[in-house]
Amino acid sequence: MPGTLAAQSIPDTGPAGGLGRDPLLRVEAITVRFGALQALSAVSVDVHRGEIVAIIGPNGAGKTTLLNVISGFYHPQQGRIVYEGKDRTHLKPFDVAALGIARTFQNVALFKGMTVLDNIMTGRLLKMRGHFLLDALYWGPAKRQELEHRAAAERVIDFLEIQAIRKTPAGRLPYGLQKRVELARALAAEPQLLLLDEPMAGMNVEEKEDMSRFILDVHDEFGTTIVLIEHDMSVVMDISDRVVALDYGRKIADGSPDAVRKDQVVIDAYLGVAHD
Amino acid sequence: MEPSPETLPQFLLAQAERWGDRRAAIREKEFGIWQAYTWRQYADHVQRFALGLASLGFHRGDKIAVIGDNRPQLYWTMVAAQALGGAPVPVYQDSIAAEMHYVIDHSESRMVVCEDQEQVDKILEMKDKLPAVETVVYDDPKGMRHYDYPFLVGLDRVQELGAEFAARNPGYWDAEVAKGKASDLAIINYTSGTTGFPKGVMISHGALISTARNFLEAEPLDEHDEIMAYLPMAWIGDSFFSLAVIFLSGCTINCPEDASTVRHDFREIGPTMTFAPPRIWENILSQAQVRIEDANWLQRRLTKFFLPLGMRKAKLELEGKPVSAGLRASCRLGRGLVFGPLRDQLGFRRIRAAITGGAALGPEMMQFFRAIGVNLKQLYGATECCAPATLHRDGQVKLETVGPPIPGVEIKLSERGEVLIRTEGLFSGYYKNPEQSAVALKDGWFHTGDAGLFDPDGQLVIIDRVKDVSTLHDGTVFAPQYIENKLKFSVYIKEAVAVGNERPYVAAMVNIDMDVLGNWAERRGIGYSGYTDLAQNPATYDLIHEEVRRTNDTLASSQRVKRFAILHKELDPDDAEITRTRKLRRGFINERYAPIIAALYDPKASRVAVKATVTYEDGRTSETERQVRIMDVEGA
């Protein structure tokens, strides 16, 4: 019975229902420089509750940098990040995670020697309240807590249909499944905002379809707001409510998938135009 | 004094009365844990489902199609329909749309119960062409949050409706269950059949119950026994064991978490009795072989030493020959060192009776399992007699036979050698098909269509389908299935088709077993891109040639396979080449592979180009052209 993953009190706003209100996440004119390299220049993006936003752009456009700024890996030299109406520009990654933002990585970042279940349990770490002695004895509240978290992890396993690999070390899984396990770990944190960095990279068509279905299911079931980076345009068109296009660290388009696809600037960025 | 139960729901209530909450009736692994439902809970769920269905307009005599994996909820729905005097129609959940449509439409099901979105989507797609279907019920709501169809109802809602209905109609439940008679229709099982459209086998409560009673006399089970529900629900074997047998014996049925976790869940439960077709025993054996190869040096050495001894002992016992004291002693040692641990690894630690049925099982398979201490026995039967008709008894298991009839079952042979069965457990006819019913049921005898004979001990031997027994040019009679079974006894050969009717000699087309050969190729560093590529690899041909040659040694010279080809694709039920229970559909195969068959009889042909049409699950087709090699078999 895949009901609620947990008590997620997200206001009932449909995919585009929150557009009129304050955005969940507001990225305001951020600029990130690595030495002389301008990775992002004054990029602003609003993400509303319940939206699926795709970030597209050629290689080196700054997509992953943008995700890294949101999740606190990088701090912008200029601009600010507002999450739920509060300035969150200078938070560390674990603070960001505690706010309910979870992510997956472009190159799978699982604990390869740990089982799938243990990997997913790490997604619950921020929700655990440890007590050195009780945990060591596995007694009383410690035991109750462990069972609660295990149950939450199991609901995610059920949801993503990975029962068969529950006890398999993550490193032994094929790539497509590792990606799914990474998504599972992110979901275990019961995020409000889910950041997915190329969730379908390197997958075959069938795996992509599965993954797209899971992303839509997550969105449907838990109302999770999702920001994803994706190269496959057909996937982007199918699942996102809004598309943001980056090129050379600048935002060149922001709108409905259809509008962005027809945008001449975006087409030029992808196909390349002569810079004379 | 209560009247004695006549229907499955009445038996369920008797068990609920007897065991209440003290024993588990059904377990399901969910969220990584075995969740148990007691007999009382089982009965309560059935009651709520039944009243819910009643409030949705399900009446006596109605049919309800059931599609999904083995889930308690689906079993509850089946019994709920029976409690109201209706009949469930379980459908193969992996069947293609056209087949699914045929069964639901032909059975005039007014409701369809689906396990999840996958099945609901299939029904939604064909809903326009299913005029009789009024309600679609689903269990798992995942992914269907935004589905807005007036006829779509969740099982949770059905239970709520049931509670409301109960409040409005007190006494309805008791009255409906009490109305049930032994002669009522209990279930319609569609058999895929090796020719034409599936036939709906109508089975009454009385038939199921008397067959279960007969079976339990031959193979007693009680409330301490554990069995596993993992065979397709649409197969009579599942309805028989997962409903009739547990209701009569009070044993517990266990539903695996997912199709992909069956073996693991099986080991966790450690069933005391299990029933599986040969395909599954073959899988388990190849799994065991892989494990032995992957084990450490000492374990491997021990296994390689003791296993042949165990198999020799098993062979002697199967042939009824004496076993020397020395061999007995070393096998006792092997039991502790090798057989016991291996049995435990495979989930057979507690197994008392392991039953195979549905097709022939190879002698090596039989010897292997009996060597490690799994009491593997053969069962023979048909959907038309609720599954079992014969069964090996302990201590009298023989390789070639399927055992003597179970109590309450009479078997005789017609002049043509066809196996005829008479028992209280026979079906009541094919649904809406009186012509076929009249052919199959004559004077109370069911005509199986199987050719058989009795051995001196009164055990039945099945040779082939009567209509498939063929003759060569020179008038030699041969049974294709007999030869195919011998070929399939090789772990490398998954399917085989023997041909030769009105031809000079016997030839064969085979499918390689991809799991086993894939492993074999990996070990030898043979690269391949997929099934077709590996099938046509010269090394594969050499390997299969050796297997065919070995098979020929066990056949009379006129029956030997002279030439063979490895098919470029696997025989697939979606392509109508085999049934879902993996029986060959010879008509289709002869038509589709006519060029290969022609080449098998053309002495000049060493290769043949074939066009293959592949049908995908959504009904699309595509064409490819392949070269298939023909090989002569030495010494044949």
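What is the average pLDDT of chain A, and what percentage of the residues score at least 70? The model is predicted, and chain A averages a pLDDT of 85, with 91% of the residues at 70 or above.

**Chain A, coloured by confidence**

Select chain A and colour the residues by pLDDT. Among the places to visit is strand S8 (residues 225-229) of chain A, where confidence is highest, at a mean of 95. Move next to helix H4 (residues 132-137) of chain A, where confidence is lowest, at a mean of 73. Then select residues 1-19 of chain A, over which pLDDT stays under 50. The model nevertheless has 34 contacts beyond four places in sequence for residues 1-19 of chain A. Where pLDDT is low, the predicted coordinates should not be read in detail.

**Chain A, as a whole**

Switch to a cartoon view of chain A, which shows ten helices and ten strands. Along the principal axes, the C-alpha atoms of chain A fill a box of roughly 70 × 40 × 40 Å. The radius of gyration of chain A is 19 Å, which agrees with the value near 19 Å for a compact globule because the chain has 276 residues. Of these 276 residues, 38% count as buried. Among the contacts in chain A with a separation of 6 or more, 70% are between residues 24 or more positions apart.

**Where chain A touches chain B**

Display both chains and select the contact, to which chain B gives eleven residues and chain A gives twelve residues. On the side of chain B that touches chain A, five residues are charged, five are polar and one is nonpolar.

**Chain B, by domain**

Colour chain B by its division into domain 1 (8-182 + 208-269), domain 2 (276-420 + 449-466) and domain 3 (469-632). The centres of domain 1 of chain B and domain 3 of chain B, taken over C-alpha atoms, are separated by 39 Å. Five residues of domain 1 of chain B are in contact with five residues of domain 3 of chain B. On the domain 1 side of this contact in chain B, four residues are nonpolar, one is polar and none is charged.

**Helix H1 of chain B**

Finish at helix H1 (residues 8-19) of chain B. Its end C-alpha atoms are 16 Å apart, which agrees with the 16 Å that twelve residues should span at 1.5 Å a residue. The buried residues of H1(B) include B:Leu8, B:Phe11, B:Leu12, B:Gln15 and B:Ala16. An α-helix has 3.6 residues a turn, so residues three or four places apart point the same way. After H1(B), select B:Gly20, whose phi is positive, near 50°.

Notes: Residues are numbered from 1 along each chain as its sequence is written. Chains are lettered from A and ligands numbered from 1 in the order in which they are written. This is a predicted model: local features need pLDDT of at least 70, side-chain atom pairs count only at pLDDT 80 or more; totals for chains, interfaces and linings use all residues. Helices (H or I, at least four residues) and strands (E, at least two) are DSSP runs, numbered from the N terminus. The radius of gyration is taken over C-alpha atoms; the globule rule is 2.2 Å times the number of residues to the power 0.38. A residue is buried if 20 or more other C-beta atoms lie within 10 Å of its own, exposed if 12 or fewer, and partly exposed in between; C-beta atoms are placed from the backbone. Two residues are in contact if their C-beta atoms, placed from the backbone, lie within 7 Å. The expected span of a helix is 1.5 Å times one less than its number of residues. pLDDT is the predictor's confidence in each residue, from 0 to 100. Ala, Val, Leu, Ile, Met, Phe, Trp, Tyr, Cys and Pro count as nonpolar, Asp, Glu, Lys and Arg as charged, and the others, Gly among them, as polar. Domain bounds come from an automatic or database domain assignment.
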